[in-house]
Amino acid sequence: MDRLLLLTFAAYGLCHILMYGTILNAPRKWLTTRYKFFDELLKCALCTGFWCGLIIKPPNIIFALYSAAICYILHLIIEILVNKAYPD
C-alpha cells in the first residue's frame with residue numbers, strides 16, 4: 001500500500017511538472033509549437049497522466065490507466081481550489 005501511494009504521488013508530480021513546471025517552459029514551448037501531438041498531450045492531465053504511468057511502471061498498462069485517472073482527478077480538484085483561492 002505504501003508503494004502504491006508513493007507511485008501515485010510520483011505519477012502526479014511528474015504529470016504536474018511536465019504540464020506546468022517553469023523549468024520546462026523552453027522545451028515545452030519548443031515541442032508544442034512544432035508538434036501538434038505534444039501540444040494536445042501537455043494540455044490534458046488525463047493523457048499526460050497515462051504516459052507518466054507508463055514511464056514510472058513501463059510494462060504495466062493497469063497502472064498507467066490508474067495514473068491517468070488519479071492525475072485527472074487531482075488536477076480537477078486543484079484547479080477548483082486554486083479558482084476559489086484566487087478568483088478572477
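A residue counts as partly exposed when its relative accessible area falls between the buried limit, under 20%, and the exposed limit, over 50%. Ile77 has a relative accessibility of 42%, so Ile77 is partly exposed. The model discussed here is predicted. Ile77 lies in helix H5, and this helix recurs in the description of the surface below.

The overall fold comes first. The protein chain contains five helices and zero strands. Read along the sequence, the pattern is α-α-α-α-α. The C-alpha trace spans about 40 × 35 × 20 Å along its principal axes. The chain has 88 residues, and 25% of them count as buried.

One residue from the buried class is Cys52. Cys52 sits in helix H4. Its relative accessibility is 0%, under the 20% limit, and Cys52 therefore counts as buried. The C-alpha atom of Cys52 is separated by 7.2 Å from that of Ala64. Along the chain, Cys52 and Ala64 are 12 residues apart.

The surface carries a nonpolar patch of about 830 Å². Leu46, Tyr72, Ile73, Leu76, Ile77, Ile78, Leu81, Val82 and Tyr86 make up this patch. Helix H5, residues 61-85, gives the most to the patch, with seven residues.

Three patch residues of helix H5 were examined one by one. Ile73 is found in helix H5. With a relative accessible area of 45%, between the two limits, Ile73 is partly exposed. The C-alpha atoms of Ile73 and Ala45 are separated by 8.7 Å. These two residues lie 28 positions apart along the chain. Ile77, also in helix H5, is 66 residues from Ala11 along the chain. The C-alpha atoms of Ile77 and Ala11 are separated by 16 Å. Ile78 has its place in helix H5 as well. Its relative accessibility is 35%, so Ile78 counts as partly exposed.

The largest pocket was considered next. Rolling a probe the size of a water molecule over the atoms shows where empty space is left. About 220 Å³ of space lies in the largest pocket. The pocket is lined by 13 residues. Closest to its centre are Leu18, Leu31, Phe38, Leu41 and Leu42. By class, the lining has 11 nonpolar residues, one polar residue and one charged residue.

Several helices contribute to this lining. Helix H2 (25-34), helix H3 (36-41) and helix H4 (45-56) each supply at least two residues. The largest share comes from H4, with four residues.

Leu18, one of the residues closest to the pocket centre, is found in helix H1, residues 2-20. At 28% relative accessibility, Leu18 is partly exposed. The C-alpha atoms of Leu18 and Glu40 are separated by 13 Å. Along the chain, Leu18 and Glu40 are 22 residues apart.

Charged pairs complete the description. Side chains of opposite charge can pair when their charged atoms come close. The structure holds two salt bridges.

In one salt bridge, the side chains of Glu40 and Lys36 meet at 3.1 Å, N to O. Glu40 and Lys36 are four residues apart in helix H3, so about one helical turn separates them. The two partners fall into separate accessibility classes. Glu40 has a relative accessible area of 45% and is therefore partly exposed. Lys36 reaches 62%, over the 50% limit, and so counts as exposed.

The other salt bridge joins the side chains of Lys43 and Asp39, at 3.5 Å, N to O. Lys43 has a relative accessibility of 61%, so Lys43 counts as exposed. Asp39 has a relative accessible area of 24%, which is not under 20%, and is therefore partly exposed.

In short, the predicted chain has five helices and zero strands. Helix H5 gives the most to the nonpolar patch. H4 supplies the largest share of the pocket lining. The two salt bridges pair Glu40 with Lys36 and Lys43 with Asp39.

Notes
Residues are numbered from 1 along each chain as its sequence is written. This is a predicted model: local features need pLDDT of at least 70, side-chain atom pairs count only at pLDDT 80 or more; totals for chains, interfaces and linings use all residues. Side-chain values use heavy atoms; hydrogens and water are left out. Patches are made of residues with over 30% relative accessible area and no salt bridge: like charges are joined within 9 Å, nonpolar side chains (Val, Leu, Ile, Met, Phe, Trp, Tyr) within 5 Å. Accessible areas come from the Shrake-Rupley method with a 1.4 Å probe; for residues, only the protein chains shown count as cover. A salt bridge is a side-chain nitrogen of Lys or Arg within 4 Å of a carboxyl oxygen of Asp or Glu. Buried means under 20% relative accessible area, exposed over 50%, partly exposed in between (1.4 Å probe, protein chains only). On a 1 Å grid over the protein atoms alone, a cavity is a set of points where a 1.4 Å probe fits but cannot get out, and a pocket is an open set with protein on both sides within 12 Å along at least five of seven lines; lining residues have an atom within 4 Å of a point. Grid points are joined across faces, edges and corners, and a volume is the space filled by probe spheres set on the points. Ala, Val, Leu, Ile, Met, Phe, Trp, Tyr, Cys and Pro count as nonpolar, Asp, Glu, Lys and Arg as charged, and the others, Gly among them, as polar.
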